[in-house]
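Subject: Structure handover and notes

Hi,

Here is the structure I promised you. Please open it next to this email, and my notes follow below.

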Amino acid sequence: MVRGVRGVRGVRGRWCGALVLAGVLVGGASGCGTGAAPTGGGTATGTSGTASPATPTSGTASPGTATSGTASPPPGGPATAGTGTAEPRPGEVLVEVVVNGGLAGVRNQLVIHYDGSWTSRSGRKPPRTGRLTPAEAAELRAALEDPAYARVPERPTGGPVADGFQYFVTYRHRLVVAGDGERPPALRRVFAALPDGGPPTTP
């Protein structure tokens, strides 16, 4: 009996050895042992599944591409920011002066354009037109651009005067309101440069 068992084991050992050898050659698992996958096969498979070092590098942007993305400014950026400082057109309004009040309740208007042309309206009368000389236009613009004029109060500083006049001066979207006798030197310089000293106070 002992011999029979040992003989069987011998045959089985040779059979298993053949299977192990075949499994190693083809890279598969053998039918002997505990049935777990061979350690060498798993390592080989994991190594073949890893990406090559060149793969992540090819997915990143090159330095030239990153630089080219910031070379040109976006639309509406600094390249077009200087368009707001263009010289006004000759037909645009330089300054508008309106006088209001008085016993008759007048409301007269004087409008002067950048090219020196002006229009004066008084009550129901036909409007009067004219044009400043280049020297007169330059003097008016200098008076309006004087830093002292920018410091003129925008509202009357004194009390209201009965039946008095108020003057509304609009220059570059800034409105200055002054009453009778409330003209600082910078505002008097502007009125001195206006045709006829400003809009008329008569109806």
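Two strands count as paired if DSSP finds at least two bridges between them. Keep in mind that this is a predicted model.

**The sheet**

On that basis, six strands make an open sheet with antiparallel pairing, in the order 4-3-2-1-5-6. Strand 4 (128–131) and strand 6 stand at the edges. Each has a single partner strand, so one side of each is left without a neighbour in the sheet. Direction ignored, neighbouring strands are turned by 15° against each other on average.

Now the pairings, one by one. Strand 1 and strand 2 run antiparallel and are joined by eight bridges. Within this pair, V97 has L110 in strand 2 as its bridge partner. The two strands form a hairpin with four residues between them. G102 sits in that turn and has a positive phi of about 85°.

Strand 2 also pairs with strand 3 (residues 117–121), again antiparallel, through four bridges. Here Q109 has R121 in strand 3 as its bridge partner. This hairpin has three residues between the strands, and G116 takes a positive phi near 95°.

Strand 1 is joined to strand 5 by six bridges, and these two run antiparallel. Look for N100, which stands opposite Q166 in strand 5. Helix 5 packs on the sheet and touches strand 1, strand 2 and strand 5. The direction of helix 5 makes about 75° with that of strand 1.

**A buried asparagine in strand 2**

Strand 2 is mostly covered, with six of its eight residues buried. N108 lies in this strand, which spans residues 106–113. Is N108 buried or exposed? Its relative accessibility is 1%, and the cut-off for buried is under 20%, so N108 counts as buried.

What does the side chain of N108 reach? It reaches the backbone nitrogen of G123, at 3.2 Å. Neighbours within four places in sequence aside, the contacts of N108 include V97, V98 and V99. R121, S122 and G123 are also among them. So is a further run: P199, P200, T201 and T202.

**Helix 7**

Helix 7 covers residues 185–193, and its buried residues are A186, L187, V190, F191 and A193. Seen down the helix axis, these fall within an arc of 165°, so they line one face of the helix. The face turned away from the buried side carries the exposed residues P185 and A192.

What covers the buried residues of helix 7? The cover includes three strands of the sheet described above: strand 1 (93–101), strand 5 (165–171) and strand 6 (174–179). Helix 5 (134–145) and helix 6 (147–150) are also part of the cover.

**Salt bridges**

How many salt bridges does the structure hold? There are seven. Three of them are worked through here.

- E139 forms a salt bridge with R189, with the closest N and O atoms 3.5 Å apart. This pair links distant parts of the chain: E139 is in helix 5, R189 is in helix 7, and they are 50 residues apart.
- D146 and R189 meet through their side chains at 3.1 Å, N to O. D146 lies in the loop between helix 5 and helix 6 and R189 in helix 7, so the pair ties together parts that are 43 residues apart in sequence.
- E145 and R141 form a salt bridge at 3.9 Å, N to O. They are four residues apart in helix 5, so about one helical turn separates them.

Put the two R189 pairs together and you get a network of salt bridges linking E139, D146 and R189.

How accessible are these residues? In the network, E139 is partly exposed, with a relative accessible area of 38%. R189 counts as partly exposed at 31%. D146 is partly exposed too, at 22%. In the helix 5 pair, E145 has a relative accessible area of 44% and is partly exposed. R141 counts as partly exposed at 23%.

**Where to look**

For a quick tour, begin with the sheet order, 4-3-2-1-5-6. Then go to N108 and its reach to G123. Finish at R189, which forms salt bridges with E139 and with D146.

Best wishes

How values were computed:
Residues numbered from 1 in each chain as written. Predicted model: local features only at pLDDT ≥ 70, side-chain atom pairs only at ≥ 80, totals over all residues. Heavy atoms only, no water. Buried < 20%, exposed > 50% of the residue type's maximum accessible area, 1.4 Å probe, protein only. Polar contact = N/O pair within 3.5 Å; in protein donor to acceptor, adjacent residues only side chain to side chain. Contact = heavy atoms within 4.5 Å. Arc of directions from axis to C-beta. Salt bridge = Lys/Arg side-chain N within 4 Å of Asp/Glu carboxyl O. Axes fitted to C-alpha atoms, helices over the stretch in contact; angles between N-to-C directions.
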